[in-house]
Amino acid sequence: MTAPPKRVLLQDCTLRDGMHAIGHQYTLEQMVGIAAALDRARIDLIEVSHGDGLGGNSFVYGFSRETEEAYLSAVRQVLTYSRLAALLLPGIGTIEDMKRARALGVDTIRIATHCTEADVSKQHVQAGRDLGMDVACFLMMAHSVPTQRLVEEARKMASYGAHCVYVTDSAGALLMSEARERVDALKQALDCEVGFHNHNNLGLGVANSLVAIEAGADRVDGSLAGMGAGAGNCALEVLVAVMQRRGLPTQAELYPLIDAADRLVRPLQRRPVQTDGNALMLGFAGVYSSFLIHAERASVQFGVDARDILVELGRRRMVGGQEDMIVDVALDLAKGRATPDKESPDEPV
Amino acid sequence: MSPLRVAILGSGHIGTDLLAKIHRRQGALQVVAMVGIDPESAGLSRARSLGVRTFHQGLVQLLADPLAAELDLCFDATSAKAHLHHAPLLAERGVRVVDLTPAAVGPYVVPAVNLHALREAPNVNMVTCGGQATVPIVHAVHRVSPVRYAEIVATIASRSAGPGTRANIDEFTRTTARGLEVVGGARRGKAIIILNPAEPPITMRDTVYCLCEPGADPQAIRASIRRMVDEVAAFVPGYRLSQDPVVEDVAARGLREPSGEPIQGTLVTTLLSVEGAGDHLPSYAGNLDIMTSAAVAVGERLASFASSGLEGAP
């Protein structure tokens, strides 16, 4: 007889990854309304930050409508069930930012590095532990390295004291077998929890999250109506429906989530969050999802095809945070210094 | 004139590159000691092969040796934390220090901007590699049109970032941001660092955003930046603009500060690439090169003070 399936923790990213989809422009009222709805629907964790994490306000990534402090304090006040989380990318946000977030009531800090650079998270993981926080780590662009390498990096994060290490498919480029293999390998290698975060760029958002749960993931991310960078994240309300059909235990309540997705979030999607041509290119070329909006703006500013920009960024192996290179690539394309490659991009390695 | 007698603390990438550069120049500086913590490290082996005395038990071991009394100058290429420990020990012995960690004990020096600032200071700090690459650009814009806000993104190849750099990411961002303000002249600075693991390794890239007053003169700004790039390239030949600076009226973007204020003014975006000389690591590691080349320039300037008899006792 097999043990009954454990309950997977659901983490919402509408108010963090979803920031990318609207240029970081939620009003406080919108944010609080969405957070309250998620809390009523009994979502375990709610992440609130600039799309690029604490300290993300900048010309290169965009400025949010309100301050970090205003968003976090306002959401904190309406939470009764859910825990409050924030994201931090070492090199962008600092330990000082983390301390401020902690003082504002953040329970869970998620420390994200590129999937080969786990060791830059060490001081931040330890600082999070010292502050008494729940610490989860992201290995971003997890499609871009073989599973064995991902395991080695995940082991480092676990050794620093992470409570959970995520397979983070920032480019939405993992196929189902690849997602399964990575989650399964981390589960076998680590004593801590394993999480899964993804993007819907190849239309596999919900499917890959289900695969991750089946492979033993302890925490899975989603966003209402998929509200996230690129083609968006795994749609949270759809995932909960699928989990219920599959007989997986969850405390999340489906109808309130559907209502929140349809009534609160979808009307905010100025640019539809869907697997359209440019968003598909992200998954196809293995490009960081939040490059999408910036590439579309550069496409207009410099008169080049956004798909050419995205594929060239993939070919140059740009990683999360290198949004500054979008203008560089667009200018090269405009001058004919980079030739648009009409053939299939390199296979993810 | 006899060269200044120099010790290098730290046998990692930065210390080893510094050793290679000073040795190659055979000029105003002479490395007489290299200090590390691992006798088998590549850096200490390299030093031994060049006839430099090595110490593998840290600065304390060097200071206990009679050689310490002959030192004129010490380059510290360890880590911010280690430098906080080293700085008082060296000050006590009256050894001048060029600090290549982000500890920032002494004032910042960026050779193309404020080499004059180091005459009095017994301990000067080289900011960071990202600071050496970007502060000159902020200064170049600032001397034409005051910079209200400067932001930089520095991307380096993973292979060029040793354990010290990786353990000091937070210090890197803070020290670089401070350098943009104190030396660059920006009212406020922000720094971002990214590691990229691509193979073959990517060349160091730096992007500098400067927000100036509305209506700043694009031609004057571009000319000032080009002049500065030439000055930096005089000692870091691989330092170049990868695009002509983009100057735009930022109001057209409709951005707002999180406080609600509309962001107005002239935004200058400068895209740089920094290729190294390939002394210790291959040419992709421009971050290493710009740091060590700047440190050597500072050391040589100190030597010129010494030989002209103008240097006060530290």
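A residue is called buried here if 20 or more other C-beta atoms lie within 10 Å of its own, and that idea will be needed at several stops of this tour through a predicted model.

**Stop 1: a covered helix in chain A**

Select residues 205-214 of chain A, which form helix α8, and notice that this helix is mostly covered, with 8 of its 10 residues buried. The buried ones are Gly205(A), Val206(A), Asn208(A), Ser209(A), Leu210(A), Val211(A), Ala212(A) and Ile213(A). Which elements do these residues pack against? Add to your selection the strands β6 (164-169), β7 (193-198) and β8 (219-222) of chain A, together with the helices α7 (176-189) and α9 (236-246) of chain A, and you will have the partners of the buried residues of α8(A) on the screen. Then step just past the end of α8(A) to Gly216(A), where the backbone takes a positive phi of about 110 degrees.

**Stop 2: chain A as a whole**

Now select the whole of chain A, which holds 14 helices and 8 strands. Its radius of gyration is 19 Å, close to the 20 Å that the globule rule gives for 349 residues, so chain A is as compact as a globular protein of that length. Turned along its principal axes, chain A has C-alpha atoms that fill a box of roughly 60 × 45 × 40 Å, and 61% of its 349 residues are buried. If you look at contacts in chain A between residues at least 6 apart in sequence, 78% of them join residues at least 24 apart.

Colour chain A by confidence next: the average pLDDT is 95, and 96% of the residues score at least 70. Residues 342-349 of chain A deserve a separate selection, since their pLDDT is below 50, although this stretch still has 12 contacts in the model beyond near neighbours in sequence.

**Stop 3: the two domains of chain A**

Give one colour to residues 9-268 of chain A, which are domain 1, and another to residues 277-334, which are domain 2. The C-alpha centres of these two domains lie 23 Å apart, and the contact between them takes 23 residues from domain 1 of chain A and 16 residues from domain 2 of chain A. How many charged residues are there on the side of domain 1 of chain A that touches domain 2 of chain A? There are none, for that side has 11 nonpolar and 12 polar residues.

**Stop 4: chain B and its domains**

Move to chain B, whose secondary structure comes to 10 helices and 12 strands. A compact globule of 314 residues would have a radius of gyration near 20 Å, and chain B, with 20 Å, agrees with this. Its C-alpha atoms fill a box of roughly 65 × 45 × 35 Å along the principal axes, and 58% of the residues of chain B count as buried.

To colour the domains here you need two pieces for domain 1 of chain B, residues 4-126 and 291-307, whereas domain 2 of chain B is the stretch 129-283. Their centres are separated by 26 Å, and where they meet, 23 residues come from domain 1 of chain B and 25 residues from domain 2 of chain B. On the domain 1 side, select α1 (13-25), α5 (111-114) and α10 (286-307) of chain B, each of which supplies at least two residues, and look longest at α1(B), which gives the most, with 6 residues. By class, this side of domain 1 of chain B has 13 nonpolar, 7 polar and 3 charged residues.

**Stop 5: one residue in chain B**

Within helix α9 (residues 218-233) of chain B, select Val229(B). Is Val229(B) buried or exposed? It counts as buried, because it has 20 C-beta neighbours inside 10 Å. Leaving aside neighbours within four places in sequence, Val229(B) is in contact with Tyr239(B), Arg240(B) and Leu241(B). For a sense of distance, select His56(B) as well: the C-alpha atoms of Val229(B) and His56(B) are 39 Å apart, and the two residues are 173 apart in sequence.

**Stop 6: where the chains meet**

Finally show both chains together and select their contact, which takes 32 residues from chain B and 30 residues from chain A. On the chain B side, the elements that each supply at least two residues are β7 (147-157), α7 (163-167), α8 (169-182), β8 (188-196), β9 (204-212) and β12 (266-274) of chain B. Which of them gives the most? It is β8(B), with 6 residues. The side of chain B that touches chain A has 15 nonpolar, 9 polar and 8 charged residues.

Definitions and conventions: Residues are numbered from 1 along each chain as its sequence is written. Chains are lettered from A and ligands numbered from 1 in the order in which they are written. This is a predicted model: local features need pLDDT of at least 70, side-chain atom pairs count only at pLDDT 80 or more; totals for chains, interfaces and linings use all residues. Domain bounds come from an automatic or database domain assignment. Two residues are in contact if their C-beta atoms, placed from the backbone, lie within 7 Å. Helices (H or I, at least four residues) and strands (E, at least two) are DSSP runs, numbered from the N terminus. Ala, Val, Leu, Ile, Met, Phe, Trp, Tyr, Cys and Pro count as nonpolar, Asp, Glu, Lys and Arg as charged, and the others, Gly among them, as polar. pLDDT is the predictor's confidence in each residue, from 0 to 100. A residue is buried if 20 or more other C-beta atoms lie within 10 Å of its own, exposed if 12 or fewer, and partly exposed in between; C-beta atoms are placed from the backbone. The radius of gyration is taken over C-alpha atoms; the globule rule is 2.2 Å times the number of residues to the power 0.38.
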